[in-house]
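Open your viewer, switch on the cartoon, and keep the selection box handy. We will go from one stop to the next, selecting a few residues each time.

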Amino acid sequence: MADIAHTTGIQGSYDDLFTAVPTALAALLDGGDAGGSVAVFVDGEPVVDVWGGFADAERTVPWQRDTIVNVFSVTKTMTALCALVLADRGQLDPDAPVARYWPEFAAAGKEGVLVRHLLSHTAGLPDWEGPVAEVYDWPAATARLAATAPQWEPGTAVGYHSLTQGFLVGEVVRRITGRSPGEFFADEIAGPLGADFRMGLPAEHDHRVAPTIPPPSQDEDYAASAPGAAAAPTAGTVLRVRDGNSVAWRRAQIPAASGFGNARSVALVQSVMACGGSLRGVRLLSQAGCDRAWEEQFSGEDRVLGMPVSWGLGYGRFGGTYGWGGWGGSLVVIEPETRMTVAYVTNQMREPADDQRGMEIVMAAYDGLTGLRADS
């Protein structure tokens, strides 16, 4: 691994074959982004681990090796992994009714909702229709969802459960294990792997957080929106950048959207999926358990996102890869065939329709992979 000269504005290390990746990150920072980090793992080992820019909007605090950021919906891949680990242990049946584990959930016509419907965004509960403050209160949030009627017959349509999915899957995890999803993730996944990623951020890590910066010409009232122009406006409560930057958001467990980490920790955790369930002597699940993640559950036009999607069990499917991105631009992509995982995290938002940064990083990683194959 080569160390990067500090004159480039990018720090960290990378394999010479993957020079295109730090070059791509540097171009994003030169193009106006505040800061970010990128990691590429192959066979469970880092071939790229780089970062650069600034952790604050004023550009006075340099992005450090251990800077962390709210990765928003990339958190969903962590919560999905919790469910997959439980499924692999035989404690969770994806084809079981949710009410088997969470009896109160059967209310309002949801007795037929299956666990896999939660993981594939087909449960019919896409909108958060309570006050923002209630997302910080786990019992209140899950009780609200348990009492809510589905908007469509579960399993017949897809609509992105941007905020609700984490509470739905997370409560199933809690009912089975007696632990919150953040605790289960820390104990069973992040801890054994030594990954610097948390759902529910303790105060002692606040100094490392790079707050989310709205897109140029926007302020902290900037709200989440769907990338598809034809998508119907959401009926749910609007979340703003100021909500995501609040102390309450950091402390809460919002397993669809409030995970904090850097590219290194995201890539490390999800490399488990690229490497057949085992990483650095730690086996979290079997090869069959990994394969389950990208078995197609539903394919079609998403009612919320306004674009075609294909869902596995908690992961979006993209050809031979799977993963997911977050509001603001963070992204993780897993390719099982080459055992590669690519993660990009940033504090700099762009308008969703104009944001191709994650895919630019992924394509740069493929350049390195081509060279790696040629050398092997």
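Which residues of strand 3 lie on one side and which on the other, and are they buried or exposed? Select G35, S37, A39 and F41 for one side, then G36, V38, V40 and V42 for the other: all are buried, and both faces of the strand are covered.

Some ground rules before moving on. This is a predicted model, in which local features need pLDDT of at least 70 and side-chain atom pairs count only at pLDDT 80 or more, while totals for chains, interfaces and linings use all residues. Residues are numbered from 1 along each chain as its sequence is written, and side-chain values use heavy atoms, with hydrogens and water left out.

**Stop 1: strand 3 and its partners**

Show residues 35-42 as sticks. Eight of the eight residues of strand 3 are buried, so the strand is largely enclosed by the rest of the structure. Here, buried means under 20% relative accessible area, exposed means over 50%, and partly exposed is in between (1.4 Å probe, protein chains only). Helices (H or I, at least four residues) and strands (E, at least two) are DSSP runs, numbered from the N terminus. In a regular strand, side chains alternate between the two faces of the sheet.

Now add residues 45-53, which are strand 4; strand 3 pairs with strand 4 in the antiparallel sense over eight bridges. Two strands pair if DSSP finds at least two bridges between them. Select G36 and you will find G52 of strand 4 opposite. Two residues separate the strands in this hairpin, where D43 takes a positive phi near 55°.

Next, add residues 340-346. This is strand 15, which pairs with strand 3 in the antiparallel sense over seven bridges. Two places to click are V38, whose bridge partner in strand 15 is Y344, and F41, which stands opposite T341.

**Stop 2: strand 15 and its hairpin**

Stay on strand 15, where seven of the seven residues are buried. M340, V342, Y344 and T346 point one way, and T341, A343 and V345 point the other way. Bring in residues 331-335: five bridges join this strand 14 to strand 15, and the two run antiparallel. V332 has A343 as its bridge partner in strand 15. Four residues lie between the strands of this hairpin, and R339 in the turn has a positive phi of about 60°.

**Stop 3: a small open sheet**

Select strands 5, 6 and 7. These three strands form an open sheet in the order 5-7-6, with antiparallel pairing. Strand 5 (69-70) and strand 6 (198-199) stand at the edges with a single partner strand each, so one side of each is left without a neighbour in the sheet. Strand 6 is joined to strand 7 (residues 259-261) by two bridges in the antiparallel sense; click R198 and look for its partner F260 in strand 7.

**Stop 4: aromatic residues**

A search of the whole structure finds 13 aromatic pairs. Rings of Phe, Tyr and Trp (its six-membered ring) pair if their centres lie within 6.5 Å; planes under 30 degrees apart count as stacked, over 60 as edge-to-face and the rest as tilted. Select Y315 and Y322: the ring centres are 5.1 Å apart and the planes stand at 85°, so this pair is edge-to-face. Y315 is buried at 0% relative accessibility, and Y322 is buried at 0% too. Then select F318 and W324, a stacked pair with 6.2 Å centre to centre and 25° between the planes. F318 is partly exposed at 43%, whereas W324 is buried at 10%.

For a cluster, select F72, Y222, W249 and W327, which are linked by ring pairs. Pause on F72, in the loop between strand 5 and helix 2 (75-88): this residue has a positive phi of about 50° although it is not a glycine. Most residues other than glycine have a negative phi.

**Stop 5: two helices**

Finish with helix 4 (residues 138-147) and helix 5 (residues 164-177), which pack at an angle of about 105° with their axes 10 Å apart. Axes are lines fitted to C-alpha atoms, for helices over the stretch in contact, and angles run from 0 to 180 degrees between N-to-C directions. Helix 4 and helix 5 are therefore roughly perpendicular to each other (65 to 115 degrees; under 35 is roughly parallel, over 145 roughly antiparallel, and the rest oblique).
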